[in-house]
Protein chains: 2
Amino acid sequence: MLERHEIEAFLTLAEELHFGHTAERLHVTTARVSQTIKKLERLVGVPLFERTSRRVTLTPIGRKLHEDLQPAYAQVVAGVESAINAGRGISGMLRVGFVGAAAGQLLLEAVGLFGGRHPECRVLLREVQTGESVQRLRAGEIELLIACFPIDEPDITMGSALLVEPRMLAVSSRHPFARRTSVSVEDLARDKILRAPCSIPEHWRDPEAPSLTPEGRPVTYGQAAETFQEVLMLVSAGQGVFPVGEQANRYYARPDIAYVPFRDAPPLEWGPLWLTTSATGRVRAFTQAAHDAVQARGGPQA
Amino acid sequence: MLERHEIEAFLTLAEELHFGHTAERLHVTTARVSQTIKKLERLVGVPLFERTSRRVTLTPIGRKLHEDLQPAYAQVVAGVESAINAGRGISGMLRVGFVGAAAGQLLLEAVGLFGGRHPECRVLLREVQTGESVQRLRAGEIELLIACFPIDEPDITMGSALLVEPRMLAVSSRHPFARRTSVSVEDLARDKILRAPCSIPEHWRDPEAPSLTPEGRPVTYGQAAETFQEVLMLVSAGQGVFPVGEQANRYYARPDIAYVPFRDAPPLEWGPLWLTTSATGRVRAFTQAAHDAVQARGGPQA
DNA sequence: ACTTCTTACGTCATTCGTAAACATC
DNA sequence: GATGTTTACGAATGACGTAAGAAGT
């Protein structure tokens with residue numbers, strides 16, 4: 001079968017009908033065009049062009065080949081370009097999912113910066129619930145997810161943190177902890193912890209005894225919830241406690257919920273997450289914009 | 001833009017979803033497939049395949065690219081093949097070389113059948129000498145060669161046998177064997193064998209000891225000859241013996257030569273040979289006609 | 001432990017440009 | 001003789017296979 005340079009030499013010469021112009025368009029020498037065409041003709045078995053040093057014309061078989069090849073090859077080129085654009089390009093649409101309200105303001109700044117840099121790419125923001133966020137990525141409903149780290153899945157890549165905030169524990173306002181000024185990780189052993197995806201970082205747990213606190217107290221888990229509102233409802237009902245970030249205090253302040261800071265928990269990190277196989281130009285450009293927006297504010301801690 | 005080998009590697013892998021099978025189909029190593037795909041993915045910017053050492057699957061962008069490329073590339077291939085068929089198709093002229101007189105009658109029947117089927121294609125018959133027959137093919141002086149099998153060249157394809165005839169040994173009429181009613185392959189060790197291309201089938205020889213008979217007797221070779229007349233001259237002069245087909249008895253009967261049948265040699269096969277890269281429509285059509293002509297007679301044995 | 005994909009490296013084929021020859025007007 | 005195509009030849013890119021390595025079942 002034909003090599004790329006052979007097809008392109010043929011198609012270009014069939015258009016230009018001039019070896020010199022063809023060579024110029026392809027950025028090669030005329031000698032090369034001549035040899036390439038000759039090789040093609042050896043393959044096909046008959047001349048594709050009739051040529052004197054004054055005029056080049058297509059033979060009947062050459063004309064037929066051009067008619068067949070030209071649209072087909074254009075389609076090949078278009079397909080590849082479409083793939084490159086999908087993978088590397090920064091246009092079309094980028095669907096960004098976000099969990100909760102915490103990263104909201106941040107996200108708006110990132111969208112603004114990204115939109116200024118890449119006006120030809122629309123951004124669609126969609127709220128997703130914690131429990132379904134990863135499926136949404138995998139299903140291709142969103143290309144990028146802004147959520148809290150870490151998500152320990154082999155096919156998902158985490159970007160750099162956009163927001164780093166102290167941990168707090170959400171408890172019912174009638175809970176004994178509600179009057180504390182701070183709690184410890186060890187206190188988690190003293191009530192049920194409600195379960196929601198991404199609620200408890202893996203490194204809080206001993207890998208060999210995931211149900212123990214760092215000092216070895218047994219931890220018990222309560223009911224599982226899919227959305228943050230469900231969690232708050234269960235907390236309010238006294239069904240358990242739930243570790244959150246400081247931002248919850250601002251966006252989810254409720255009289256029936258108290259947020260008590262941890263004095264010894266590592267901070268909670270929020271940032272971009274995407275399928276490793278879908279690290280497209282759009283995704284990279286948006287995470288870059290988000291990163292830059294955060295740096296402009298003074299970093300993810302601020 | 002993509003090179004041919006890149007497109008084919010991608011399309012094949014997208015079909016096979018297995019690097020090993022892909023490499024086999026493309027006649028390259030798996031390492032090459034891996035590198036080619038990786039290069040493609042660098043170009044597109046995202047993975048096209050998701051792979052572990054156990055499973056290979058298309059990513060969404062890979063699937064899209066396959067859907068775009070597959071039909072387009074098939075059209076390119078079809079266009080080129082159509083041109084090749086038009087160019088080297090069954091019209092114009094076909095030059096057929098033949099070795100010796102043995103296949104002469106057969107060839108005439110084949111030409112007659114072919115001419116009836118493809119009146120727009122002229123057939124030029126040329127006698128070629130054994131020693132030069134393959135060069136004539138390679139030089140493009142003939143497109144098809146009717147000679148005796150096997151010719152063990154990597155770039156040459158053998159068609160199905162047109163004529164299968166018992167082996168005989170050509171000896172001088174003064175040779176002791178001349179009075180025998182038959183000879184054995186083992187008798188070859190008792191005189192020098194004259195050398196000519198395609199005289200001794202490979203399967204007569206032990207691959208690890210090609211100068212031994214099946215039972216292990218040493219075989220010695222005499223002078224080399226380029227044409228059959230040269231061989232007969234040397235045989236007549238008592239310089240050695242030479243294995244031939246039964247037809248030699250008919251077309252090359254001479255008082256100074258005796259042809260003694262082998263009682264234990266595999267038969268000699270005659271048939272069409274062509275450059276694998278030049279299996280043109282004309283060549284295929286002619287070999288088909290020759291095959292059909294032989295079948296009409298009752299097969300190659302008759 | 002085995003299969004399968006990836007990486008590293010040396011070798012070789014093929015494309016490339018330069019330059020001169022050739023053909024046509 | 002001017003313009004334009006073909007042939008010849010040395011240089012360099014890059015595609016290839018081998019072999020060792022990594023990863024997953």
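Student: Which helices each supply at least two residues of the surface near DNA strand D?
Tutor: Helix H2 (19-26) and H3 of chain A do, together with H3 of chain B. Helices here are DSSP runs of H or I with at least four residues, strands are E runs with at least two, and both are numbered from the N terminus. H3(A) gives the largest share, five residues.

Student: What kind of model are we looking at, and how are its parts numbered?
Tutor: It is a predicted model, in which local features need pLDDT of at least 70 and side-chain atom pairs count only at pLDDT 80 or more, while totals for chains, interfaces and linings use all residues. Residues are numbered from 1 along each chain as its sequence is written, and chains are lettered from A and ligands numbered from 1 in the order in which they are written.

Student: What makes a residue count as near a DNA strand?
Tutor: Its C-beta atom, placed from the backbone, must lie within 6 Å of the strand. By that rule 21 residues surround DNA strand D, and Phe19(A) and Ala31(A) are among the closest. For DNA strand C there are 22 such residues, with Val28(A) and Phe19(B) among the closest.

Student: Which helix gives the most to the surface near DNA strand C?
Tutor: That is H3(B), with five residues.

Student: How many residues of each class does the surface near DNA strand C have?
Tutor: Five are nonpolar, 12 polar and five charged. Ala, Val, Leu, Ile, Met, Phe, Trp, Tyr, Cys and Pro count as nonpolar, Asp, Glu, Lys and Arg as charged, and the others, Gly among them, as polar. Near DNA strand D the classes come to five nonpolar, 11 polar and five charged.

Student: How do you know which residues of chains A and B are in contact?
Tutor: Two residues are in contact if their C-beta atoms, placed from the backbone, lie within 7 Å. On that test, 32 residues of chain A are in contact with 31 residues of chain B. H4(A) gives the most to chain A's side, with 17 residues. That side divides into 17 nonpolar, 10 polar and five charged residues.

Student: Why is Leu17(A) called buried, exposed or partly exposed?
Tutor: A residue is buried with 20 or more other C-beta atoms within 10 Å of its own, exposed with 12 or fewer, and partly exposed in between, with C-beta atoms placed from the backbone. Leu17(A) has 15 such neighbours, so it counts as partly exposed. Leu17(A) is found in the loop between helix H1 (4-16) and H2 of chain A, and has a positive phi of about 55 degrees although it is not a glycine.

Student: And why does His27(A) get its label?
Tutor: His27(A) has 7 C-beta neighbours inside 10 Å, so it counts as exposed. His27(A) lies in the loop between H2 and H3 of chain A, with a positive phi near 60 degrees.

Student: What makes two strands a pair?
Tutor: DSSP must find at least two bridges between them. Strand E8 (residues 167-172) and E11 of chain B are joined by four bridges, so they meet the definition. Ala170(B) has Phe242(B) in E11(B) as its bridge partner. The open sheet of three strands has the order E11-E8-E12 in chain B, with antiparallel pairing.

Student: Why are strand E11 (242-245) and strand E12 (257-261) of chain B said to stand at the edges?
Tutor: Each has a single partner strand, so one side of each is left without a neighbour in the sheet.
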